[in-house]
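Please load the model in your viewer and keep the selection panel at hand, since this tour moves from one selection to the next. Each stop names what to pick and then describes what is found there.

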Amino acid sequence: MELKLEGIQKSYGSVKVLDSISYTFTAGVYGLLGANGSGKTTLFRIICGLMKPDYGRVSYNGKEIVNQAEAYRTILGFLPQEFAYYPDFTAKKFLLYIAALKGLSSSLANQRCQELLQLVGLENIGNKKIKKFSGGMKQRLGIAQALINDPQILILDEPTVGLDPKERVKFRKLLSSISKDKIVILSTHIVSDVEALADDILILKEGCIQNSGSSQELLLEINHQVWECRVTESQAKQLEINYVVSNRRHENGQEILRIVSLVKPIRDAEEVAPNLEDLYLYYFREE
Ligand code: ADP
């Protein structure tokens, strides 16, 4: 399976949001990392065929998606940032409704509905109205609806927003159980999520994919550029003005700053191994 983006461009009025995006996805979990407003949702809408790019094309297994609209929809699952549901529907009724929209037969719809409620841990509250669900429960239902047609491509737009730490862990487990033999692309601006979930990370900035690869590969970019500095409060203030500080903590009367910089920021600075938080700041510091 191969999902290919070629030269995707998209502007809203005179503002160019995506500027020549090219990338080929094969089976695996991809994390699209970008600041708010960097165009993640726009790119997803284009990948899902809900929006046309100004230029460029999206193809799946060699065929442009615009030429296979119906067939493409049957292999696609999408969890938008805020998925629309009817609050008075029960979880079960909602899933059956989505299954009908996707054209599943009623026996298959019933079977998938049972399986998915179980998979996302909602089997005991399938008959409860969605309006009574917590944020995490709604989000798991959102994932279930995206999976109803057992999609080959699963697009999840900011799936962990609003989840508490326990729900996050559940979501990570759920995703690893469903992602086999699929192309899963999720967007986030939460670095720890992308680190835990994605095999490959794509960094979207200024309308382009600035870098991509495993977190190990991406971290090479800032190798020998992360420093830990133990300083006084007033030195810390000065360093924060002059450098990209990815962390600051207080220990035994000293300020400990983590700094991303090509040059050693102070004489006593100690070089430390980079992490994804550092990398995020390296790319998105002004935003
Ligand atoms: P992200 O998902 O990364 O936050 P979006 O794709 O939602 O980014 O938005 C990218 C930029 O495009 C933002 O500046 C946003 O305000 C703008 N934008 C998004 N949708 C529209 C629209 N329908 N009309 C005009 N501008 C839009």
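In this predicted model, begin by selecting helix H3, residues 91–101, together with helix H4, residues 106–119, whose axes come within 9 Å and cross at roughly 130 degrees. An angle over 145 degrees would count as roughly antiparallel, and H3 and H4 are therefore described as oblique to each other. Viewed as a pair, H3 passes H4 in a right-handed crossing. To see the contact itself, show the side chains of Ala91, Lys92, Leu95, Leu96 and Ala99 in H3, which meet Ala109, Asn110, Cys113, Gln114 and Leu117 in H4. Coloured by type, the residues of this contact between H3 and H4 divide into 7 nonpolar, 2 polar and 1 charged.

Next, keep H3 on display and replace H4 with helix H5, residues 135–147. The axes of H3 and H5 lie 9 Å apart, and the two helices pack at an angle of about 30 degrees. Angles under 35 degrees count as roughly parallel, so that H3 and H5 fall in this class. The crossing of H3 and H5 is right-handed. On the H3 side, select Ala91, Phe94, Leu95 and Ile98, and on the H5 side Leu141, Ala144 and Gln145, as these residues make the contact. By type, the contact of H3 with H5 holds 6 nonpolar residues, 1 polar residue and no charged ones.

Now hold H5 and add helix H6, residues 165–178, whose axis is 11 Å from that of H5, with an angle of about 10 degrees between the two. This angle makes H5 roughly parallel to H6. The residues to pick are Gly136, Met137, Gln139, Arg140, Ile143 and Leu147 from H5, and Glu167, Lys170, Phe171, Leu174 and Ile178 from H6. The contact of H5 with H6 is made up of 6 nonpolar, 2 polar and 3 charged residues.

For the last stop, leave the helix pairs and turn to the largest pocket, which has a volume of about 880 Å³. Centre the view on Leu50, Arg73, Leu76, Phe78 and Lys102, which are the closest to the pocket centre among the 36 residues that line it. Which elements each supply at least two residues of this lining? They are strand S4 (55–60), helix H2 (69–74), strand S6 (76–79), H3 and H5, so two helices from the earlier stops come back into view here. Select H2 in particular, as the largest share of the lining, 5 residues, comes from this helix. Taken over the whole lining of the largest pocket, the residues divide into 22 nonpolar, 7 polar and 7 charged.

Note on methods. Residues numbered from 1 in each chain as written. Predicted model: local features only at pLDDT ≥ 70, side-chain atom pairs only at ≥ 80, totals over all residues. Heavy atoms only, no water. Axes fitted to C-alpha atoms, helices over the stretch in contact; angles between N-to-C directions. Helix = DSSP H or I, 4+ residues; strand = E, 2+ residues; numbered from the N terminus. Parallel < 35°, antiparallel > 145°, perpendicular 65-115°, else oblique. Left-handed = near helix turned anticlockwise from the far one by under 90°. Contact = heavy atoms within 4.5 Å. Nonpolar A, V, L, I, M, F, W, Y, C, P; charged D, E, K, R; others polar. 1 Å grid on protein atoms, 1.4 Å probe; cavity = no way out; pocket = protein on both sides within 12 Å on 5 of 7 lines; lining within 4 Å. Points joined across faces, edges and corners; volume = space filled by probe spheres on them.
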